[in-house]
Amino acid sequence: MLDEFVKAGYIALKDFREYYMKPGSLSWGIIFPFVFALAFMTKRGGLTEWLAPGMISLALFFGSTSMSAMSIVFERRIGSFERLLLFPVSYNCISLGKSLSSFIMGLISAVPVLLLTLIVLPEPPAYLLLLAVNIAITTFASSTFGVFLSFLVKDPAQVMIVFNLVRFPMMFLSDVIIPVTIMPQYLVPIALALPLTYMTEALRFAYTGTYDVIPPAISITVSLVIGVLFLLAASEVIKRSKP
Amino acid sequence: MLLLTAQSIMMGEDLKCLRTEERKMGNECIISVEGLTKKYGELMAVDHISFCVRRNEIFGFLGPNGAGKTTTVRMLVGLTRITEGKAWIEGYDVVRDYKRVRSVIGVVPDISNLYSELTCLQNLIFSAAMYGVPREKRLKRAEELLKFFGLWRMRDFKFKNLSRGLKRRLTIAAALTHNPKVLFLDEPTSGLDIMSRRMVWEKILELNRSGVTIFLTSHNVYEAFHISDRIGVINKGKIVALGTPAELSKRFSAKEVIEVAFYPKNPRESELIKQLNGALSVKLRKDHLEIVASDPTSVIEGLILYAKQNNLELSTLNLRGADAEELFLRIVGEQ
């Protein structure tokens with residue numbers, strides 16, 4: 001068991017060396033979330049306490065999913081993903097390794113946005129330790145979601161298009177920039193069905209001490225469960241990817 | 001003076017010398033396949049094949065495009081699901097004990113698919129780590145392999161910056177970091193120049209001498225016939241021939257070809273064939289004559305005699321042996 005965790009770490013380290021400087025990872029994983037946060041900061045009303053957790057959530061989500069998109073779709077295309085299938089490791093280990101590299105990238109993506117919010121906003125986060133834990137949970141859930149989603153795309157040229165088709169609607173519907181409380185009633189069930197809503201609400205509680213619609217116990221638990229479920233689903237998809 | 005073709009220089013003589021006579025050939029099967037079958041919908045890609053690969057042999061697995069050889073290999077190494085049948089490697093069931101199987105095999109796919117941004121050394125250390133080589137031994141093993149494959153000077157080069165031949169060598173090296181008992185090689189020399197091909201074959205033979213069983217698929221029938229201890233030929237999903245190259249040659253009665261050139265000029269085909277016992281046909285090629293022989297010894301004796309009688313010099317004399325490609329086409333064509 002420990003051996004599998006260690007090997008997942010090797011996969012993550014390898015992925016990180018291989019892909020963190022790729023244009024797709026950089027532009028969509030680091031530059032986009034930061035520029036997006038900057039854009040809100042300069043607009044009228046600026047970067048508010050309510051908006052800050054959304055921006056952090058967005059950076060974590062885009063950073064981690066961009067990494068998994070690059071590492072999995074690209075490797076599957078050139079055939080090097082099969083190398084992982086030939087090592088004496090379980091599918092869970094591969095899934096975890098891929099999620100870990102996305103996790104690291106997600107955290108790196110969030111650093112500039114987090115710093116920006118800490119500098120710009122007058123009030124510090126309400127629960128610093130909980131914020132750290134929720135950042136970890138959100139990044140984990142985003143990473144495993146990204147790994148799972150990556151197996152649905154085959155062409156590296158299409159990967160960011162497909163990913164953005166999923167990510168952009170989530171950005172508007174997941175309590176990131178538009179509060180669920182002011183959404184039209186017919187959109188609320190959709191918002192509550194999206195994993196990013198729970199991650200953002202968990203972060204919002206840790207940052208501001210309040211939440212919009214989902215109590216922290218639920219948002220944190222659901223985020224964690226989502227992470228584990230997508231991790232297992234990704235393992236199953238890897239297993240089934242064999243012809 | 002005898003002139004040999006580049007291929008016969010490469011495969012016929014030098015590499016044969018590399019094959020030690022003291023090779024310990026056991027009859028124990030390290031790979032056993034029983035009724036292995038793969039269906040894609042209605043298409044039967046591999047049709048209930050059974051065979052055994054003996055410990056420490058080089059097993060050449062040949063077949064035309066789409067015959068089922070890559071599918072067979074992929075099923076054995078666990079990259080493709082088995083529809084029906086069973087296979088064992090080193091006694092482990094390839095489906096049930098897939099992790100154990102992977103720890104005793106090395107796989108070199110037909111493409112060199114290591115990680116482009118990692119250096120040669122990093123690629124090997126990653127591979128060693130994933131195969132569970134203890135941390136303190138990884139660097140030493142990677143360095144040994146880099147030296148063995150003549151890549152030591154390139155150890156800090158990124159994989160993406162290597163030539164095709166060097167990439168191929170490193171890909172083979174990466175499959176050996178854990179000292180596997182069986183090495184699967186899919187088209188190991190495809191697309192390589194003569195020097196790189198020769199180097200790769202030499203290394204494969206060295207590995208085999210050190211005790212590694214080699215399972216080889218190749219489109220280069222000539223090379224495969226010369227390097228393999230036994231050959232299996234698959235066509236339309238079925239094993240159609242299995243045996244040593246000599247056994248297959250005898251069974252499918254391939255003729256031998258003699259290439260000869262006389263100085264100052266070649267005689268007419270019709271004149272020469274009358275003088276030769278055991279010659280089935282004589283054809284004039286660009287600068288030499290090609291004789292298909294059922295009894296090559298008699299034909300060569302006849303050629304030497306003819307040259308003496310007519311004051312001619314033999315400027316080229318090359319016995320190609322059983323033409324592996326012809327033999328292969330005959331085996332496949334009979335189906």
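User: Where does Lys236(B) sit in chain B?
Analyst: In this predicted model, Lys236(B) lies in the loop between β9 (230–235) and β10 (238–243) of chain B, where helices (H or I, at least four residues) and strands (E, at least two) are DSSP runs numbered from the N terminus.

User: What is its phi, and is Lys236(B) buried or exposed?
Analyst: Phi of Lys236(B) is near 50°, a positive value in a residue other than glycine, and Lys236(B) is exposed, with a relative accessible area of 62%. Here buried means under 20% relative accessible area, exposed over 50% and partly exposed in between, with a 1.4 Å probe and protein chains only.

User: Why point out the sign of phi?
Analyst: Because most residues other than glycine have a negative phi.

User: And what about Asn179(B)?
Analyst: Asn179(B) has a positive phi near 50°, is placed in the loop between α6 (164–174) and β7 (182–186) of chain B, and is exposed at a relative accessible area of 52%.

User: Switching topic, which peptide bond is cis?
Analyst: The bond from Tyr263(B) to Pro264(B) is cis, with omega near 10°, and Pro264(B) belongs to the loop between β11 (256–263) and α10 (269–275) of chain B.

User: How many bridges join β1 to β2 in chain B?
Analyst: Strands β1 (residues 29–40) and β2 (residues 43–54) of chain B run antiparallel and are joined by 8 bridges, pairing being assigned if DSSP finds at least two bridges between two strands.

User: Any conventions to note?
Analyst: Residues are numbered from 1 along each chain as its sequence is written, and chains are lettered from A in the order in which they are written. Local features need pLDDT of at least 70.

Terms used. Predicted model: local features only at pLDDT ≥ 70, side-chain atom pairs only at ≥ 80, totals over all residues. Heavy atoms only, no water.
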